[in-house]
Amino acid sequence: PYFSAMNSLWEASKRTPFSTPFVSKAQCESKAGNDQLVANRSIAAASADAGQVEFGSGKYYAYCGLGGLVSCGLTHTMIVPLDLVKCRMQTNAAKYKGIVSGFRVTVAEEGIRGLGKGWAPTALGYSAQGICKFGFYELFKIVYGDLIGEENAYLYRTGLYLAASASAEFFADIALSPMEAVKVRIQTMPGFPSTLRKGAPLIFKEEGINGFYKSLVPLWMRQIPYTMMK
């Protein structure tokens with residue numbers, strides 16, 4: 001039975017439509033006769049679902065953006081305590097000597113609630129980043145694919161995916177940068193307001209709009225290669 005199953009799997013893999021660059025007709029082998037694929041069973045093509053999402057439609061991009069919002073916003077917010085300790089280790093290595101030490105010092109000075117500092121700008125910033133990252137990635141894949149043609153889009157698909165992901169992250173980081181600027185100051189600057197509603201107006205008052213984008217270039221240098229590889 002094991003070898004029979006493996007043989008069937010191998011035969012099925014050879015009939016995959018992804019073995020060629022263009023969509024091909026599925027080839028089905030029938031052992032039950034010309035009219036039936038499976039003995040005593042009728043098989044018909046599935047009807048189109050009226051509620052299905054059309055590829056490349058506005059609804060398609062909206063769902064992609066929603067997926068990015070949930071995945072990026074939620075996961076980054078969940079690890080705010082770890083991110084807080086990491087940022088403090090980078091800006092004050094003498095005080096925060098390691099992960100365990102960083103958690104211990106933070107809790108001792110600020111309590112458990114201190115580990116949640118920066119959660120609001122993190123949630124908003126990475127939700128916006130996720131929307132742009134997932135949504136623009138799908139958009140740029142289609143745009144670049146149309147520019148170079150269907151055949152080249154398949155032949156050079158790896159380069160196409162890398163270009164699309166880099167372009168998407170470029171805009172995603174622009175959306176993220178303002179909240180990232182507030183978050184880092186909340187987590188690492190003594191005396192800075194501990195909430196988004198107080199921290200953001202303070203940055204704008206003292207530094208103007210440029211204060212929210214001072215770290216944009218380093219953000220691009222970190223995030224774009226990371227996103228391309230991911």
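What percentage of the 230 residues of the protein count as buried? The answer is 31%. The model shown here is a predicted one, and the legends below go from the whole chain to a few chosen spots.

**View 1. The whole protein is built from helices, with nine helices and zero strands.** Reading along the sequence gives the pattern α-α-α-α-α-α-α-α-α. If you follow the contacts between residues at least 6 apart in sequence, 65% of them join residues at least 24 apart. On the outside, the accessible surface comes to about 15100 Å². Carbon and sulfur atoms account for 64% of that surface.

**View 2. Helix H2 packs against helix H5.** Here you can look for residues 58–78, which form H2, and residues 119–148, which form H5. The axes of these two helices are 7 Å apart and meet at an angle of about 145 degrees. H2 passes H5 in a right-handed crossing. The residues of this contact divide into 12 nonpolar, 12 polar and one charged.

**View 3. Phe140 sits in helix H5 and is buried.** Staying with H5, we can zoom in on one of its residues, Phe140. Phe140 has a relative accessible area of 13%, so it falls under the 20% limit and counts as buried. What is Phe140 in contact with, leaving aside its neighbours within four places in sequence? The list is Gly145, Ala164, Ser167, Ala168 and Phe171. Ser165 is also worth finding in this view: Phe140 and Ser165 are 25 residues apart along the chain, while their C-alpha atoms are separated by 7.9 Å.

**View 4. Asp83, in helix H3, has a polar contact with Lys183.** Helix H3 covers residues 80–91, and Asp83 is part of this stretch. Is Asp83 buried or exposed? Asp83 is buried, because its relative accessible area of 17% is under 20%. Leaving aside its neighbours within four places in sequence, Asp83 is in contact with two residues to look for, Lys183 and Gln187. With Lys183, the link is a polar contact of 2.5 Å between the two side chains.

Technical notes. Residues are numbered from 1 along each chain as its sequence is written. This is a predicted model: local features need pLDDT of at least 70, side-chain atom pairs count only at pLDDT 80 or more; totals for chains, interfaces and linings use all residues. Side-chain values use heavy atoms; hydrogens and water are left out. Helices (H or I, at least four residues) and strands (E, at least two) are DSSP runs, numbered from the N terminus. Buried means under 20% relative accessible area, exposed over 50%, partly exposed in between (1.4 Å probe, protein chains only). A polar contact is a pair of N or O atoms within 3.5 Å; within protein, one must be able to donate a hydrogen and the other to accept it, and residues adjacent in sequence count only if both atoms are side-chain atoms. Contact means heavy atoms within 4.5 Å. Accessible areas come from the Shrake-Rupley method with a 1.4 Å probe; for residues, only the protein chains shown count as cover. Axes are lines fitted to C-alpha atoms, for helices over the stretch in contact, and angles run from 0 to 180 degrees between N-to-C directions. A crossing is left-handed if the near helix is turned anticlockwise from the far one by less than a right angle, and right-handed if clockwise. Ala, Val, Leu, Ile, Met, Phe, Trp, Tyr, Cys and Pro count as nonpolar, Asp, Glu, Lys and Arg as charged, and the others, Gly among them, as polar.
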